[in-house]
Amino acid sequence: ADALMTCHVLFEQIDPEHPATLSKKIMTDLLRKEMGFTGVAITDCMAMQAIQRTYGIGPGAVLAVNAGCDILCFSHTYESVSQAVNAIYEAVENGVISVERIQESYDRIVAMKKKYGVLTPPVIDVEHAKAVMQDPEVMAFNRQQSRESMLLQYDNGGLAAMKSGKRVRYFAPESIAVTGAEDA
C-alpha cells in the first residue's frame, strides 16, 4: 500500500500506554521496521475524543509525529489545527521532534506525489473548465450518470410513495457512529 490510515485504538498487548496513532512501538517498530511498510502513514482525525480528551490536541500531534505518522488529519475546527501546528513547531524548536523525523515524512510524501504525478499542481484553464461544465451535452451526461448511479436498497423512508408526487419529503444526512470510535 502507498498509504494507510491509523486508528486511535489501544492495543494493550503491543503498547499498553498509547493508542496506535501515538505509539512508536506500533507505527515505527512494528509497522515500519518489522513489517517493512515504507508508505505514507496518515492519522485518523486528531480532534477525535480519544486523542483530545486523553492527550490533548497539541501533545497528541507531537506524539503522532514522533510515533511515525506523516500526515495528521483534522476535521473539526481551525483551532485544533492551530494547536497542533504550534505544538509541532515548538517541539521541533525544543528538540522533542528532530528535523530528521520531519524530513522522513516529507520524503515519503514527496515520493508518493511523484509516483502519482501530483508533485506540482496542474495548470487549470478556468474558462475552459467552465465552458465544459456548462456544455449541455456534458450536463446531460452528468445528470444521466447521477440518476443511474442511485440504487434504492430498502424503502423504510417511503421513497416509493414519493413517486406519486402527492407527498413532499425533505432529506438531510445524519451522522451515525458505526464503530464506537467516532464522535457521538
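The legends below describe several views of a predicted model.

**Figure 1. The whole protein has 8 helices and 3 strands.**
From the N terminus on, the order of these elements is β-α-β-α-α-β-α-α-α-α-α. The protein has 184 residues, and 27% of them count as buried. The exposed surface of the protein is about 13,200 Å², with 57% of it supplied by carbon and sulfur atoms. Among contacts between residues at least 6 apart in sequence, 63% join residues at least 24 apart.

**Figure 2. The 3 strands form an open sheet with parallel pairing.**
The strand order in the sheet is 1-2-3. Strand 1 (3–5) and strand 3 (71–73) each have a single partner strand, so they stand at the edges and one side of each is left without a neighbour in the sheet. From one strand to the next, the twist averages 20 degrees. Strands of a sheet pair through backbone hydrogen bonds, either parallel or antiparallel.

**Figure 3. Strand 2 (residues 40–45) runs parallel to strand 3.**
The two strands are joined by 2 bridges. In this view, Ile-42 stands opposite Ile-71 in strand 3.

**Figure 4. His-18 lies in the loop between strand 1 and helix 1 (24–34).**
Is His-18 buried or exposed? Its relative accessibility is 15%, and buried means under 20%, so His-18 counts as buried. Leaving aside neighbours within four places in sequence, His-18 is in contact with Leu-10, Ser-23, Tyr-55 and Leu-63.

**Figure 5. Arg-108 is a buried residue in helix 5 (residues 99–115).**
The relative accessible area of Arg-108 is 17%, which puts it under the 20% cut-off for buried residues. Which residues does Arg-108 touch, not counting residues up to four places away in sequence? They are Arg-32, Thr-38, Gly-39, Val-40, Gly-68, Asp-70 and Arg-101.

**Figure 6. Helix 6 (residues 126–134) crosses helix 7 (residues 136–149) at roughly 60 degrees.**
The axes of the two helices come within 5 Å. The crossing angle makes helix 6 oblique to helix 7. On the helix 6 side, the residues in contact are Val-132, Met-133 and Gln-134. They meet Pro-136, Val-138, Met-139 and Asn-142 in helix 7. By class, this contact has 5 nonpolar and 2 polar residues, and no charged residues.

Methods. Residues numbered from 1 in each chain as written. Predicted model: local features only at pLDDT ≥ 70, side-chain atom pairs only at ≥ 80, totals over all residues. Heavy atoms only, no water. Pairing = 2+ DSSP bridges. Helix = DSSP H or I, 4+ residues; strand = E, 2+ residues; numbered from the N terminus. Axes fitted to C-alpha atoms, helices over the stretch in contact; angles between N-to-C directions. Buried < 20%, exposed > 50% of the residue type's maximum accessible area, 1.4 Å probe, protein only. Contact = heavy atoms within 4.5 Å. Parallel < 35°, antiparallel > 145°, perpendicular 65-115°, else oblique. Nonpolar A, V, L, I, M, F, W, Y, C, P; charged D, E, K, R; others polar. Areas by Shrake-Rupley, 256 points an atom, 1.4 Å probe, with all protein chains shown as cover.
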